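The following note sets out comments on the model for a colleague's review. The points move from the chain as a whole to individual residues.

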Amino acid sequence: MLGGVLPASQSLVLALLYSAGAHGIMTLNDFKAVAGDRKMGINSLPVMLGEKAAARLACLVMAVVQVAVAALLWSWGKPVHAGLVAASLALQLLCMKRLLRDPAAPQDVRVPGILVDRVVLAGADDLAVRPEFEGVSIGREGGLAAMGES
């Protein structure tokens, strides 16, 4: 909270959803070290649930978050943004299918969604995802600038 001003509620909801979605991404990172985790007694989700069950959980979490984001964007009058998020999910579902066949194989199901979601949110100026705080704004590139500078 910079300058005592909270971001718009829509921004907070999106941040909360994507924070939850990060759970799935973090679980995917655990697949690289399952053997080491078992050996060292680290209870990562793939160790505790098994690789297939952990992969299903990670995919479910990531998909549910993006469905929720797309639905919210649609309800906020942003059908193009919602469509882009839905399209990124469709690409991820193809990658998830491969992941679910062999969770231990090297792969990356999160990149298409992250890239498209960043593009979508970068263009969502009126959703206040880059709020202005008392003389400081957060620009398209994510940097801070004094008001009046671009």
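1. Accessible areas here come from the Shrake-Rupley method with a 1.4 Å probe. On that basis, the protein chain exposes about 8,700 Å², of which carbon and sulfur atoms supply 66%. The model is a predicted one, and every remark below should be read accordingly.

2. Overall architecture. The protein chain contains six helices and three strands. Read from the N terminus, the order of elements is α-α-α-α-α-α-β-β-β. The chain has 150 residues, and 31% of them count as buried. Among contacts with a separation of 6 or more, 55% are accounted for by residues 24 or more positions apart.

3. Helix 1. This helix has 22 residues. From its first C-alpha to its last it reaches 32 Å, close to the 32 Å expected at 1.5 Å a residue. The buried residues in helix 1 are S11, L14, L17, G21, G24, T27 and L28. As general background, an α-helix has 3.6 residues a turn, so residues three or four places apart point the same way. The list for helix 1 includes L14, L17, G21 and G24, and it may be inspected with that periodicity in view.

4. Residue D30. Helix 1 covers residues 9-30, and D30 lies within it. Is D30 buried or partly exposed? Its relative accessibility is 25%, and because buried requires a value under 20%, D30 counts as partly exposed. Leaving aside residues up to four places away in sequence, D30 touches D37, S44, L45 and P46. The C-alpha atom of D30 is separated by 9.5 Å from that of A54, a residue 24 positions apart along the chain.

5. The largest nonpolar core. Which residues make up the largest nonpolar core? There are 10 in all: L28, F31, V34, A54, A55, A58, C59, M62, M96 and L99. Helix 4 (51-75) and helix 5 are the elements that give two or more residues to this core. Helix 4 gives the most, with five residues. In soluble globular proteins, nonpolar side chains tend to be buried together. One core member, A58, touches G24, T27 and L28, not counting residues up to four places away in sequence. G24, T27 and L28 are also among the buried residues of helix 1.

6. A second core. Separate from the core just described is another of eight residues, which includes L17, V65, A70 and L73. L17 is one of the buried residues in helix 1.

7. Cysteines. A search of the whole structure finds zero disulfides. For C59, the nearest cysteine sulfur is that of C95, 9.7 Å away. Because a disulfide requires sulfur atoms within 2.5 Å, C59 is in no disulfide. C95 is likewise in no disulfide, its nearest cysteine sulfur being that of C59. C59 is buried, with a relative accessible area of 6%. C95 counts as buried at 18% relative accessibility.

8. Residue S88. Where is S88 found? S88 is in helix 5, which comprises residues 79-101. With a relative accessible area of 1%, S88 is buried, because the limit for that class is under 20%. The side chain of S88 is joined to that of Q66 by a polar contact of 3.2 Å.

How values were computed. Residues numbered from 1 in each chain as written. Predicted model: local features only at pLDDT ≥ 70, side-chain atom pairs only at ≥ 80, totals over all residues. Heavy atoms only, no water. Helix = DSSP H or I, 4+ residues; strand = E, 2+ residues; numbered from the N terminus. Buried < 20%, exposed > 50% of the residue type's maximum accessible area, 1.4 Å probe, protein only. Polar contact = N/O pair within 3.5 Å; in protein donor to acceptor, adjacent residues only side chain to side chain. Contact = heavy atoms within 4.5 Å. Core = buried A, V, L, I, M, F, W, Y, C linked by side-chain atoms within 4.5 Å. Expected span 1.5 Å × (residues − 1).
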